[in-house]
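This report describes the packing of one protein chain. The sequence and structure are shown first.

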Amino acid sequence: MQERGGRRKGTVERRAEITTSAARIFADQGYAHVGMRDIAEAIGVRGASLYHHFSSKEEILYAICLTVTKEPVEENLPLLDAAGTPTERLTALVGAHIRHLLRRRTEYLVGLHERPSLTPEHRADIDGHLQYYNRRVKDVLAAGMRSGEFRAMNPSLASLGILDMLNGVSSWIRGDADSDADEVVETYVTLLFAGLRAS
């Protein structure tokens, strides 16, 4: 059983390595200009080994898109379920969201530009994760408005605006550690709550 578990872990880790490497290749050369052979050569594996993990280039793109849609749902959204006021929970989410973008900057940019190349089925799945994330942010905003913490406004528009502002850091943020995002997080939290707080 331990051996099978080890092989399974190795497969998951290898898929993650391929996904990360392929994201860099797609970002540098463009998804349309890269084939499976190019990916295999760039990461130093045989074509057969690559096909063992992914059946197609589109499946790799789908895996890349999941790292910036499903992964934030699983890692960030539990912060909105934690104890605390809407302000405290949204503050925690803003920090986690920006730090995730720092770690996944290349994947986010590839997903943003290349998502139309996904199959309709995969695109619908990715859109579902995005819509759920947005809905959860909208819900915490609405809760803050009901409690009087946040000024009254359209929570749907507010959540879209907030996420657009946060996702925009992907075009310029740099760094190798979560701490490299500290100043960005502090600045964005200040800007965000200056606009949200009820007078």
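The sections below cover the nonpolar cores, one helix, the aromatic rings and two single residues.

## Basis

The structure is a predicted model. Residue numbers start from 1 along the chain.

## Nonpolar cores

The largest nonpolar core has 31 residues, and the members that touch the most others are L90, I98, L141 and L196. Two or more residues of this core come from each of α6 (86–103), α8, α9 and α10. The largest contribution is that of α10, with seven residues.

L196 has contacts beyond its neighbours within four places in sequence: L90, L141, E149, F150, R151, M153 and I162. Two of the contact partners, L90 and L141, are also named among the core members that touch the most others. A second core, separate from this one, holds 23 residues, including I18, A40, Y62 and A63.

## Helix α9

Helix α9 is made of 13 residues and spans 18 Å from its first C-alpha to its last, close to the 18 Å expected at 1.5 Å a residue. Its buried residues are A158, S159, I162, L163, L166 and N167. Viewed down the helix axis, the buried residues of α9 fall within an arc of 155°, so they line one face. An α-helix has 3.6 residues a turn, so residues three or four places apart point the same way.

On the other side of α9, the exposed residues are L157, L160 and D164. The buried residues of this helix pack against α6, α7 (105–114), α8 and α10.

## Aromatic rings

A pair of aromatic rings is described by the distance of the centres and the angle of the planes. In the whole structure, a search finds two such pairs. One is formed by F26 and Y31, which meet edge-to-face, with 5.0 Å from centre to centre and 75° between the planes. F26 and Y31 are both buried. The ring of Y31 also has the charged end of K57 sitting over it, 4.1 Å from the ring centre.

In the pair of F150 and F193, the ring centres are 6.1 Å apart and the planes are at 45°, so the pair is tilted. F150 is in the loop between α8 and α9 (155–167), while F193 is in helix α10 (residues 182–196), so the pair ties together parts that are 43 residues apart in sequence. Both F150 and F193 are buried. F150 is also one of the residues in contact with L196.

## C65 and N134

C65 belongs to helix α4, which covers residues 57–67. Its relative accessibility is 1%, so C65 counts as buried. Leaving out residues up to four places away in sequence, C65 touches G111, L118 and I126. Between C65 and E107 the C-alpha to C-alpha distance is 6.9 Å, although 42 residues separate them in sequence.

N134 belongs to helix α8, which covers residues 120–147. Is N134 buried or exposed, at 17% relative accessibility? The cut-off for buried is under 20%, so N134 counts as buried at 17%. With residues up to four places away in sequence left out, N134 touches S159, L160 and L163. Of these contacts, S159 and L163 are among the buried residues of α9, whereas L160 is exposed.

Terms used. Predicted model: local features only at pLDDT ≥ 70, side-chain atom pairs only at ≥ 80, totals over all residues. Heavy atoms only, no water. Helix = DSSP H or I, 4+ residues; strand = E, 2+ residues; numbered from the N terminus. Buried < 20%, exposed > 50% of the residue type's maximum accessible area, 1.4 Å probe, protein only. Contact = heavy atoms within 4.5 Å. Phe/Tyr/Trp six-rings, centres within 6.5 Å; stacked < 30°, edge-to-face > 60°. Lys NZ or Arg CZ within 6 Å of the ring centre and 35° of its normal. Core = buried A, V, L, I, M, F, W, Y, C linked by side-chain atoms within 4.5 Å. Expected span 1.5 Å × (residues − 1). Arc of directions from axis to C-beta.
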